[in-house]
Amino acid sequence: MPSSTPIPIRTDLAFRPAPGENGNAAASPKSAATNGTRHKHTRSSYSESSPLTAMSRNNSLSFRPLKRSTPSPDKTIAIINASGRQAASLIRIATAVGYKVRAQLRNLEGVIATEVASNPNVTVFVGELYLRNKPDDKRDVTAHGHLPGIPVNHALISQLFNGAQLAFINTTFYGNEIQIGEAIADAAKKAGVQHYVYSSMPDHAAYNSQWPSLPLWAAKHDVEKYVRKIGLPATFVYTGIYNNNFTSLPYPLFCMELLTDGSFKWQAPFHPNAKLPWLDAEHDVGPAIIQLFKDGPGKWNGKRIALAYEYLSPLEVCRAFEQALGRRVRYKRGHIELKVKIPEGYREQLEALEKLFSVKNEDPRRQPPYFGDMDLESRCPDDALALWEGPRGLEEYAREIFPLEEEANGMTWMFDDEGESEFEGTTEEHVENAGNGEDDDDGDDESFDEGLVMRGLKRDEESWLA
């Protein structure tokens, strides 16, 4: 069975901050611009020179000299959705150790896209993976299913694979995901790609007819079947829930809502005692994928990998946040709240997810496995640790990175101690149950039409679950 114990992570390693202009550690741009002070959550696995182009204390080329010279890999990786969390993590690590990258970006907006485009080891192809037959077609292209008049951008995909020997592909719901995924696989095979790593997810209905399919994951499942059908030398990674999904901004499902007393509340439909797989996507996807490429298809061809480093219940997640932040964190089991405008494809996903992880289920043992396949889920975190042994756990993320991301998004709670003084680190379980939600506000108000875009140092566009 998967381990429910959070992974022990050393925090006593020597850490030498990057020098500033006067030989001192560079200060946070935001902090320096305000009152010259730093909040208590300042020790970070991110580089001080940039909160995004960071490498772990465990593997930083900036802070740890190489033990021996190693030859640079003479290979090129094709990557799509390059501003997504998984892809960006891989690009940082891959280019740091010598790989070349050919990366598709939807546009050049945002911090991550700028970082990728300015990397000298990355050739960028800007454009969507779909086309609109009519220039005035303003339809939402994220809806699941057939999209007439929205064909695949075969020209861009063909260009992307010119000269590439490796590929990391994480398709998204922009355009017909199945058609795009099949076209990408065809292009990779035509180009002679030696190892194709696809970020897949399950179709739960394929494992149990009583379970509903989640549209976005079912599409990935279909793409995986096609990749296997055409005989690409491929490996399939199933990523756990991103630690980085949490935010106090009112996004659905992973909103860590800041309450007036300084505490936090997380509301979701998951059973409070049912285990879920977790992953720090920005920190740990890159190193794991690099190891897959190093080992090659001789070891990993056709295999599925559970890429998650912790297996925690919602209550354990909240306790990790409590320990990290020194604030009360309560879990409320309830329906997914929609307070902002979201893409139609993601709305469909959330509706299905709420049925799959029903709040009416009182037995944690009856909650469907997140990865659909219990055998795959039982390999958390062993599969992931076989690839990369320096992960960032959820408590470390909550302590070091969550406040920085919140600050970058305009939050200021980390600069005050309100709500922290009474917290004594108790292990009491804080859980509320919203019942069947019959009396809940359905959220159907004007805020739905306004939308919400994350702004600040972190990123200008949030890639939903990418």
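Where in the chain does Leu-253 lie? Leu-253 is in the loop between strand 7 and strand 8. The model is a predicted one. In this model, phi of Leu-253 is near 80 degrees, a positive value in a residue other than glycine. Leu-253 counts as buried because its relative accessible area is 5%, and buried means under 20%. That loop will come up again below.

First, the overall picture. The protein has 13 helices and 14 strands. Of its 466 residues, 55% are buried. Among contacts with a separation of 6 or more, 77% are between residues 24 or more positions apart.

Start with strand 1, residues 76-79. Thr-76 and Ala-78 point one way from this strand, while Ile-77 and Ile-79 point the other way. All four are buried. Strand 1 runs parallel to strand 2 (residues 100-105), and four bridges join the two. Within this pairing, Ile-79 stands opposite Ala-103 of strand 2. Strand 1 is followed by a loop that leads to helix 2 (85-96), and Asn-81 is found there. Phi of Asn-81 is near 50 degrees, again a positive value in a residue other than glycine. Asn-81 is buried too, with a relative accessible area of 9%.

Now turn to a small sheet. Three strands make it up, in the order 7-10-12. The sheet is open and its pairing is mixed. Strand 7 (241-242) and strand 12 (310-312) stand at the edges with a single partner strand each, so one side of each has no neighbour in the sheet. Strand 10 (residues 276-279) and strand 12 run antiparallel, joined by three bridges. Trp-278 faces Glu-310 of strand 12 across this pairing, standing opposite it. Helix 9 (residues 314-325) lies across strand 10 and strand 12. The helix runs at about 110 degrees to strand 12.

Next come the aromatic rings. The count of aromatic pairs is 19. Take Tyr-238 and Phe-371: their ring centres are 6.1 Å apart and their planes stand at 85 degrees, so this pair is edge-to-face. Tyr-238 is in strand 6 (residues 234-239), and Phe-371 is in the loop between helix 10 (344-356) and helix 11 (374-377), so the pair ties together parts 133 residues apart in sequence. Tyr-238 is buried, at a relative accessible area of 0%. Phe-371 is buried as well, also at 0%.

How are the rings of Phe-246 and Trp-278 arranged, stacked or edge-to-face? Their centres are 5.8 Å apart and their planes lie at 15 degrees, so the pair is stacked. This pair links distant parts of the chain. Phe-246 sits in the loop between strand 7 and strand 8 (256-258), and Trp-278 sits in strand 10, 32 residues apart. Phe-246 is buried, with a relative accessible area of 2%. Trp-278 is buried at 1%. Both rings belong to a cluster linked by ring pairs, whose members include Phe-264, Trp-266, Phe-270, Phe-321 and Trp-413. One ring elsewhere has a charged partner: the charged end of Arg-106 sits over the ring of Tyr-174, 3.7 Å from its centre.

The nonpolar cores come next. The largest has 87 residues. Which of them touch the most other members? They are Phe-161, Tyr-196, Trp-266, Phe-270 and Phe-321. Helix 9 gives the most to this core, with seven residues. Tyr-196 has many contacts beyond its neighbours within four places in sequence, including Ala-167, Ile-169, Ile-184, Val-227, Leu-232 and Pro-233. Another core, of 37 residues, lies apart from the largest one. Ile-79 is among its members, as are Ala-82, Ile-91 and Val-237.

Two prolines complete the tour. A cis peptide bond joins Cys-380 and Pro-381, with omega at about 0 degrees. Pro-381 lies in the loop between helix 11 and helix 12. Pro-391 lies in the loop between helix 12 (382-385) and helix 13 (394-408). Pro-391 is buried, with a relative accessible area of 5%. Pro-391 and His-283 are 108 residues apart in sequence, yet 7.1 Å apart in space, C-alpha to C-alpha.

Technical notes:
Residues are numbered from 1 along each chain as its sequence is written. This is a predicted model: local features need pLDDT of at least 70, side-chain atom pairs count only at pLDDT 80 or more; totals for chains, interfaces and linings use all residues. Side-chain values use heavy atoms; hydrogens and water are left out. Two strands pair if DSSP finds at least two bridges between them. Contact means heavy atoms within 4.5 Å. Axes are lines fitted to C-alpha atoms, for helices over the stretch in contact, and angles run from 0 to 180 degrees between N-to-C directions. Rings of Phe, Tyr and Trp (its six-membered ring) pair if their centres lie within 6.5 Å; planes under 30 degrees apart count as stacked, over 60 as edge-to-face and the rest as tilted. Buried means under 20% relative accessible area, exposed over 50%, partly exposed in between (1.4 Å probe, protein chains only). A charge sits over a ring if NZ of Lys or CZ of Arg is within 6 Å of the ring centre and within 35 degrees of the ring normal. A nonpolar core is a set of buried Ala, Val, Leu, Ile, Met, Phe, Trp, Tyr and Cys residues joined through side-chain atoms within 4.5 Å.
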